[in-house]
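This report looks at the fold of two protein chains, from their overall dimensions down to selected backbone details. The sequence and the structure are shown first, and the description follows.

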Amino acid sequence: MLNLPIYLDNNATTQMDKRVFDAMTPYFLDHFGNAASRNHPFGWQAEEAVDYARGQVAKLIGADPKEIIFTSGATEADNLAIKGVYEMYSSKGNHIITATTEHKAVLDTCKHIEKIGGEVTYLQVDKEGLIDLKELEAAIKPSTILIAIMYANNEIGTIQPVKEISAIARKNGVLFFTDATQAVGKVPVDVNKDGIDLMAFTAHKMYGPKGVGALYVRRKNPRVKVTAQMDGGGHERGMRSGTLNVPGIVGFGKACELCMQEMESDTQRISKMRDHLEKELLKLEEAYVNGSREHRLPHVANISFKHVEGEGLLMGFNKNIALSSGSACTSASLEPSYVLKALGLGDDLAHSSLRFGLGRFTTDEQIEYTIKAISETVLKLREMSPLWEMYKEGIDLNTIEWAAH
Amino acid sequence: MAYSDKVIDHYSNPKNVGTLDKSSKNVGTGLVGAPECGDVMRLQIEVDESTGMITDAKFKTFGCGSAIASSSLATEWLKGKSIDDALKIDNMAIVEELSLPPVKIHCSVLAEDAIKGAINDYRVKNGMEAIKFEESVVH
């Protein structure tokens, strides 16, 4: 039986795995101790659980457990990495290189760095969403201390050439930080093979709980340190104070363990469904995939349906299918997605986009329903669209002088 | 964002979707908005030249549900009205009827502009002067 509504917004957050929930429950009521309490069994139990989870998290990314700094999520980890490196390495320089398609948690942190005297270079991306490695290398100068480039993009799923980026960073003696929020647990990420110095990721994007994430901080070759942005009891090797969220961390650990075990089979199943969804939807006229199809997360598809507006499109089925649109009509700004615009998409195509994020719990039946519902709505709205009519009459929409609004 | 029942109804069962012959002398066409802004509305009226009454109205809209509902509602209101009465349709009446939230007021403004555009197109085609309207502010 097909249960509605269908959830296809797994880049926003994922449904928690029941097995993760089961692992967490004892740590709310029974094992409630503070992991920093060193003198009684309640504390020991909590500490043991945290240590175990730290091992599970580290293992998924090929790190040493000591290199995991637990945070409240990826946004905090992004902030800690960028601000922490900026402060810690201020004697070396003040220049950071990032890209225009980064998540707001990185971009806004970089804006903050600029306000306090830092210098930031924002690399453009090509039409697939990839940065140019030559541009990256050319942007490095003696004052450069950090390259901050995401592992995979949240809107289009494009995976950056992480190994090549880290090689350039290494060669120039610059630290490499990557926001891997969308990638960890979905594709194999190994901090050593990938040459990553700092990495942000979070539990709730991989079937774990909200409110817990981590910053990976390399301890060897080179030893990296960040200045704490949260002062207090000196938890997490002094880099992030605050009583540890024990149930959250236990859940995060379990989520990582499950991803480790099931990533391969999940990916196979999910990417097959994604490819089928994409193939069927591209049968509609004037439908385009946004971002790289070659270098892409296996569960993401971002498609523009020309001459149909995204929010209007969502309304056709959003009671039954949960999706995101690159059209920002719902927000006060009315500006379409800056990521899609960075690919060189016109505002009209950006307004016409849908983002599909499949996940562990997506079924073939849900995908079939989605293909049908979206195809029908696109056709219906095109019948209603003056742009579609003009397009069909062979009118070049760019030649029309639109009223200023 | 939750839509009002009336918006959902117009979106699901839009009234008067279609195209009138824009070259016809008794048809006025208003095309407003821009694809970059995510809203384009085309509203057309057919006028009985002897009585000045609007006998038919059609729309096509590229935009969100509120934009579609605003234009659908506008065509309903236009049918059977005189040109003079049609000019009195105010965007706030659309806002009220559809319970549009503040971020969607621009959809109603667009509909009002489309009505005025259609009427002016009809007037110019028939040798009358275009009416000068104050610039709309909410966009």
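A contact here means that heavy atoms lie within 4.5 Å. On that basis, among contacts in chain A between residues at least 6 apart in sequence, 72% join residues at least 24 apart, and the corresponding share in chain B is 61%. The model is predicted, and the values below are computed from it.

**Overall form of the chains**

The secondary structure of chain A consists of 13 helices and 13 strands, whereas chain B has five helices and three strands, which follow one another from the N terminus in the order α-β-β-β-α-α-α-α. For the 405 residues of chain A, a compact globule would be expected to have a radius of gyration near 22 Å, and the value of 22 Å for chain A agrees with this. For chain B, with 139 residues, the expectation for a compact globule is near 14 Å, and the chain, at 14 Å, agrees as well. The table sets out further values for each chain.

| Property | Chain A | Chain B |
|---|---|---|
| Box filled by C-alpha atoms, along the principal axes | roughly 75 × 55 × 35 Å | roughly 45 × 30 × 25 Å |
| Residues that count as buried | 59% of 405 residues | 53% of 139 residues |
| Exposed area | about 16,800 Å² | about 6,000 Å² |
| Share of exposed area from carbon and sulfur atoms | 52% | 50% |
| Charged side chains | 45 positive, 53 negative | 15 positive, 21 negative |
| Separation of the centres of the two charge sets | 5 Å | 4 Å |

**Domains of chain A**

Chain A is divided into domain 1, made up of residues 6-11 and 262-399, and domain 2, which covers residues 18-259. The C-alpha centres of these two domains of chain A lie 30 Å apart, and across the boundary 25 residues of domain 1 are in contact with 32 residues of domain 2.

**Backbone details in chain A**

Most residues other than glycine have a negative phi, and most peptide bonds are trans. Against that background, a cis peptide bond joins A:L4 and A:P5, with omega at about 0 degrees, and A:P5 is placed in the segment before strand 1 (6-7) of chain A. Another cis peptide bond joins A:N221 and A:P222, where omega is about -5 degrees; A:P222 belongs to the loop between strand 8 (213-217) and helix 8 (246-281) of chain A.

That loop between strand 8 and helix 8 also holds A:R237, a residue that has a positive phi of about 55 degrees although it is not a glycine. A:R237 is partly exposed, because its relative accessible area is 38%. A:Y207, likewise not a glycine, has a positive phi of about 70 degrees and is found in the loop between strand 7 (198-202) and strand 8 of chain A. With a relative accessible area of 4%, A:Y207 is buried, since the cut-off for that class is under 20%.

**A buried position in chain B**

In chain B, B:I119 is part of helix 5 (residues 105-125), and its relative accessibility of 0% means that B:I119 counts as buried. Which residues does B:I119 touch, not counting those up to four places away in sequence? They are B:I45, B:I83, B:A86 and B:L87. B:V103, by contrast, is 16 residues from B:I119 along the chain, and the C-alpha atoms of the two are separated by 27 Å.

Notes. Residues are numbered from 1 along each chain as its sequence is written. Chains are lettered from A and ligands numbered from 1 in the order in which they are written. This is a predicted model: local features need pLDDT of at least 70, side-chain atom pairs count only at pLDDT 80 or more; totals for chains, interfaces and linings use all residues. Side-chain values use heavy atoms; hydrogens and water are left out. Helices (H or I, at least four residues) and strands (E, at least two) are DSSP runs, numbered from the N terminus. The radius of gyration is taken over C-alpha atoms; the globule rule is 2.2 Å times the number of residues to the power 0.38. Buried means under 20% relative accessible area, exposed over 50%, partly exposed in between (1.4 Å probe, protein chains only). Accessible areas come from the Shrake-Rupley method with a 1.4 Å probe; for residues, only the protein chains shown count as cover. Lys and Arg count as positive and Asp and Glu as negative; His and the chain ends are not counted. The place of a charge is taken as NZ of Lys, CZ of Arg, CG of Asp or CD of Glu. Domain bounds come from an automatic or database domain assignment.
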